Protein chains: 2
Amino acid sequence: MTAPDTPPIPSRREARRQDRRDAILTVAQTYFLEHGFAGTTMSGIAAELGGSKGTLWSHFPSKEALFAAVVERAAKAYQAQLSQILNVDEALELTLQRACRSLIEKVTSPDGSALHRLIVAQGRRFPELSQIFFDLAPQNTRLLLADFLHGAMMRGQLRPADPVDAARALLSLSLSGCHQQMLIGRIDRPAPNEIAADATFAVDIFLRAYAP
Amino acid sequence: MTAPDTPPIPSRREARRQDRRDAILTVAQTYFLEHGFAGTTMSGIAAELGGSKGTLWSHFPSKEALFAAVVERAAKAYQAQLSQILNVDEALELTLQRACRSLIEKVTSPDGSALHRLIVAQGRRFPELSQIFFDLAPQNTRLLLADFLHGAMMRGQLRPADPVDAARALLSLSLSGCHQQMLIGRIDRPAPNEIAADATFAVDIFLRAYAP
DNA sequence: ATAAAATCGTACCATAGAGTACGCTATTTC
DNA sequence: GAAATAGCGTACTCTATGGTACGATTTTAT
């Protein structure tokens with residue numbers, strides 16, 4: 001019997017390799033988010049990385065694979081962002097406004113919107129990535145918010161209704177302003193007061209529709 | 001003095017040339033909508049067209065120019081579609097539901113969603129096209145709807161409010177279901193009952209928020 | 001020290017695809 | 001009928017780029 005060799009050997013070499021892999025992903029991410037899939041070149045990444053093309057292919061078997069890895073990673077980071085939206089402490093209206101503002105800010109950030117566009121652009125070619133993105137970003141946010149709204153309904157602050165539907169309504173209202181414009185490419189960055197305006201608009205309509 | 005030659009001479013030759021140009025645009029449109037900008041090849045278009053590459057370049061100086069022409073044309077056709085949404089004849093709720101259903105149908109049609117994706121994907125590279133699309137599609141629809149809602153407000157069927165905002169709310173609620181999923185690429189075609197459900201959902205919330 | 005692994009550097013291959021050149025043919029104009 | 005025009009077909013150029021090969025170099029493991 002040979003000693004256990006294949007199992008967890010987080011040796012030093014392994015760590016180094018992971019570092020390199022991470023560096024590749026980081027550089028690739030900025031490229032993909034900035035220039036899209038077609039506009040990104042492997043040679044460009046290698047050059048910016050300061051490394052060799054061989055290394056690239058030793059980590060990822062193809063441009064597609066690299067792209068997939070980048071998107072998954074970015075989507076996870078995005079999710080982490082979006083999960084920090086609800087901090088329950090104030091009156092319902094204020095809490096919701098704060099949450100919406102926070103959401104819009106994150107969703108209209110350069111990386112956020114670039115990721116969104118990337119997914120839309122490549123949705124046909126990489127359906128699995130769409131799935132991952134959807135579960136991690138909109139779906140996750142919706143469920144978090146739904147949970148909170150459910151609580152508010154139980155406390156009688158909102159009329160009883162399907163919380164997931166309610167979340168969907170509030171979210172879509174929130175993203176109907178700046179975010180739409182960004183996605184389409186009409187504006188590059190929203191003005192801060194635009195964000196606040198979108199949030200109050202959304203919450204206002206939402207509260208009217210879901211008043212107890 | 002030579003005779004007036006440059007002015008309007010819609011001669012036979014001219015007409016023929018227009019026909020050819022139209023044929024090119026038609027073929028190119030199916031390609032671009034189906035495969036995106038990068039995925040479309042000029043050679044492919046020429047082949048499908050049955051014509052020669054030279055002809056392509058004699059009508060459009062570059063792939064970009066052809067793309068722009070295609071998008072403008074498709075956006076206009078799209079607008080024509082979207083303008084036929086409101087037929088005022090029934091009770092407010094039914095009218096709105098019908099309008100929303102009609103809108104969702106058109107927006108989630110293969111060509112509609114493909115165009116939308118194309119705009120999102122190429123928004124950075126062709127800002128002018130984004131502008132055109134925006135004016136022709138979302139903006140136009142919003143204004144049409146706003147006009148109708150304004151009437152309803154005057155008649156006391158809705159509470160007084162900014163009609164454009166109201167239209168924006170109703171539209172964003174309508175597109176929060178199937179349309180989102182299509183854009184992201186999670187589904188290919190929505191089920192008809194999904195469309196109806198989205199419409200009733202949107203109108204329900206809208207009417208609660210804008211009740212007199 | 002020595003072997004193995006990872007990386008680097010660089011040159012290279014193959015393919016695709018935008019755009020051009022040019023001669024031939026069909027249609028239109030006058 | 002002659003001249004101009006539009007289009008056809010085909011072959012070609014040129015560049016970008018994904019991906020490979022390979023020997024030299026550095027780092028890690030034993």
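Let's start with DNA strand D and which of its atoms meet the protein: of those within 4 Å of the protein, 68% belong to sugar or phosphate, and the rest to bases. Before going on, I should say that this is a predicted model, where local features need pLDDT of at least 70, side-chain atom pairs count only at pLDDT 80 or more, and totals for chains, interfaces and linings use all residues. Residues are numbered from 1 along each chain as its sequence is written, chains are lettered from A and ligands numbered from 1 in the order in which they are written, and side-chain values use heavy atoms, with hydrogens and water left out.

So who stands around strand D? There are 21 residues surrounding DNA strand D, and the closest are M42(A), K53(A), R13(B), R17(B) and R20(B). Here a residue is near a strand if one of its heavy atoms lies within 4 Å of it. By type, the surface near DNA strand D divides into two nonpolar, 11 polar and eight charged residues. In that sorting, Ala, Val, Leu, Ile, Met, Phe, Trp, Tyr, Cys and Pro count as nonpolar, Asp, Glu, Lys and Arg as charged, and the others, Gly among them, as polar.

Now some polar contacts, meaning pairs of N or O atoms within 3.5 Å. (Within protein, one atom must be able to donate a hydrogen and the other to accept it, and residues adjacent in sequence count only if both atoms are side-chain atoms.) R13(A) has a polar side-chain atom 2.8 Å from a base oxygen of DNA strand D. On the phosphate side, a polar side-chain atom of R17(B) is 2.5 Å from a phosphate oxygen of DNA strand D, and one of R20(B) is 2.7 Å from a phosphate oxygen of that strand.

Which elements supply this surface? At least two residues each come from α1 (12–35), α2 (42–49) and α3 (53–59) of chain A, together with α1 (12–35) and α3 (53–59) of chain B. Helices are DSSP runs (H or I, at least four residues), strands are E runs of at least two, and both are numbered from the N terminus.

On to DNA strand C. Of the 21 residues around DNA strand C, R17(A), R20(A), R12(B), R13(B) and K53(B) come nearest. Sugar and phosphate make up 70% of the atoms of DNA strand C that come within 4 Å of the protein. A side-chain N or O atom of T55(A) is 3.0 Å from a phosphate oxygen of DNA strand C. M42(B) uses a polar backbone atom, 2.8 Å from a phosphate oxygen of DNA strand C, while a side-chain N or O atom of K53(B) is 2.7 Å from a base oxygen of DNA strand C. The elements giving two or more residues to this surface are α1 and α3 of chain A, with α1, α2 (42–49) and α3 of chain B.

What does the record add? UniProt, in an unreviewed entry, lists residues 41–60 of chain A as "DNA-binding region", and places "domain: HTH tetR-type" at residues 18–78 of chain A. UniProt positions are in the numbering used here, feature names are shortened, and annotations may be inferred rather than shown by experiment. In the model, residues 41–60 of chain A are 75% helix and 0% strand, and residues 18–78 of chain A are 80% helix and 0% strand. Chain A as a whole comes to 10 helices and zero strands.

Last, the two protein chains. Their contact (heavy atoms within 4.5 Å) takes 33 residues from chain B and 34 residues from chain A. About 3200 Å² is buried between chain B and chain A, with carbon and sulfur atoms giving 57%; buried area is the accessible area (1.4 Å probe) that two parts lose on being put together, summed over both. Because 100% of the interface residues of chain B are also interface residues in chain A, the copies meet through the same surface.
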